Amino acid sequence: MPSLDSPLLVFTDVDGTLCDNHTGDWQAAADWLATLSEHHVPVILCSSKTAAEMMALQKTMGLQGLPFIAENGAVIQLDEHWQDHETYPRIITGSPHEEIASVLQKLRLKHGWKFTMFDELDEHVLSELTGMPPAQASLARLQEASETLIWRDSDEEMTAFATMLGQLGLRFVQGARFWHVLDERGGKDQAVNWLTRQYHHYTGKHAFTLGLGDGPNDAPLLDSVDYAIVVKGLNRQGVQLRKDTPDRVYHSQHEGAAGWREGLDHLFGAGAASSEQT
């Protein structure tokens, strides 16, 4: 098991994991975020959110300058210290948003599938549908390498739709509330592995990796790390992992930030965060 003084990288989902699904509150995790910062442990946000949303979150949580994984892995923001990297400051994996949105429009016209894309809604309508404040809804529309869908058709049609996307080299990913379409070359697992290699390159150290998530779309992330914390979520199917053993995976009893804190307490000791703050 790693310690806080081991080379360590923390990859965490946002909605339903680090933040409450309904309120967005993350204060239950604040002490642990401060402790990890004091030990120079990068906390890398990993979400379906756009880069613009992620940068706003980083500022709120005191994580500025660290990498993040946006749009389910289709967008990777680099560490601020990696300015010599040829792709700095950001990698766009696979097809850009405009191409994906165009494909989706053509498929809908041809097959009659019922769905609405975020790209088709202004921030006021999107705010009403999602419960986001208008300013946040505006940031959610700034997708660079994926498209978010509000699915309005049957499960049978969804299966046909997903199959068609796969034939076109696209992924159909279930999020906490919506569905996301991105290039199959993107993904949380690829992004986690790529960033882990970059940290090894820049530090010369092999880091333990810890992942936290609550939904089915977090399974690739959690399968890619050394240790995983499955935060109790709203999805009835749960999170299915390839290697779900007690020595590697912890399932929290609490949801959201409280579950996030519970997982860190389990891994490093319940007093580790509070003792660092006194």
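**Exercise 1.** In this predicted model, state which strands helix 6 lies across and at what angle helix 6 runs to strand 8.

*Solution.* Step 1: helix 6 spans residues 155–167. Step 2: the strands beneath this description are strand 6, strand 7 (146–151), strand 8 and strand 9. Step 3: the angle between helix 6 and strand 8 is about 140 degrees.

**Exercise 2.** Work out the strand order of the four-stranded open sheet and identify its edge strands.

*Solution.* Step 1: the order is 6-7-9-8, with antiparallel pairing. Step 2: strand 6 (115–117) and strand 8 (170–174) each pair on one side only, and are the edge strands. Step 3: direction ignored, neighbouring strands of the sheet are turned by 30 degrees against each other on average.

**Exercise 3.** Describe the pairing of strand 9 with strand 8 and with strand 7, and give the burial of strand 9.

*Solution.* Step 1: strand 9 (residues 179–183) is joined to strand 8 by a hairpin through four residues. Step 2: these two strands pair over five bridges in the antiparallel sense. L170 stands opposite D183, and Q174 has W179 as its bridge partner. Step 3: the pairing of strand 7 with strand 9 is also antiparallel, over four bridges. Here L149 stands opposite W179. W179 thus has a partner in the hairpin strand, Q174, and another in strand 7, L149. Step 4: five of the five residues of strand 9 are buried, and the strand is mostly covered.

**Exercise 4.** Classify the crossing of helix 1 and helix 9 and list the residues that make the contact.

*Solution.* Step 1: the axes of helix 1 (residues 30–38) and helix 9 (residues 256–268) come within 9 Å and cross at roughly 50 degrees. Step 2: because of that angle, helix 1 is oblique to helix 9. Step 3: helix 1 contributes W32, L33 and L36, and helix 9 contributes W260, R261, L264, D265 and F268. Step 4: by type, the contact residues are six nonpolar, no polar and two charged.

**Exercise 5.** Find the residues with the most contacts inside the largest nonpolar core, and trace the surroundings of W260.

*Solution.* Step 1: the largest nonpolar core has 63 residues, and those with the most contacts inside it are F11, W32, L210, W260 and F268. Step 2: leaving aside neighbours within four places in sequence, W260 is in contact with T12, T17, L18, A29, W32, L33, L36, L212 and V231. Step 3: a second, separate core has 15 residues, among them M117, W151, M158 and W179.

Note on methods. Residues numbered from 1 in each chain as written. Predicted model: local features only at pLDDT ≥ 70, side-chain atom pairs only at ≥ 80, totals over all residues. Heavy atoms only, no water. Axes fitted to C-alpha atoms, helices over the stretch in contact; angles between N-to-C directions. Parallel < 35°, antiparallel > 145°, perpendicular 65-115°, else oblique. Contact = heavy atoms within 4.5 Å. Nonpolar A, V, L, I, M, F, W, Y, C, P; charged D, E, K, R; others polar. Pairing = 2+ DSSP bridges. Core = buried A, V, L, I, M, F, W, Y, C linked by side-chain atoms within 4.5 Å. Buried < 20%, exposed > 50% of the residue type's maximum accessible area, 1.4 Å probe, protein only.
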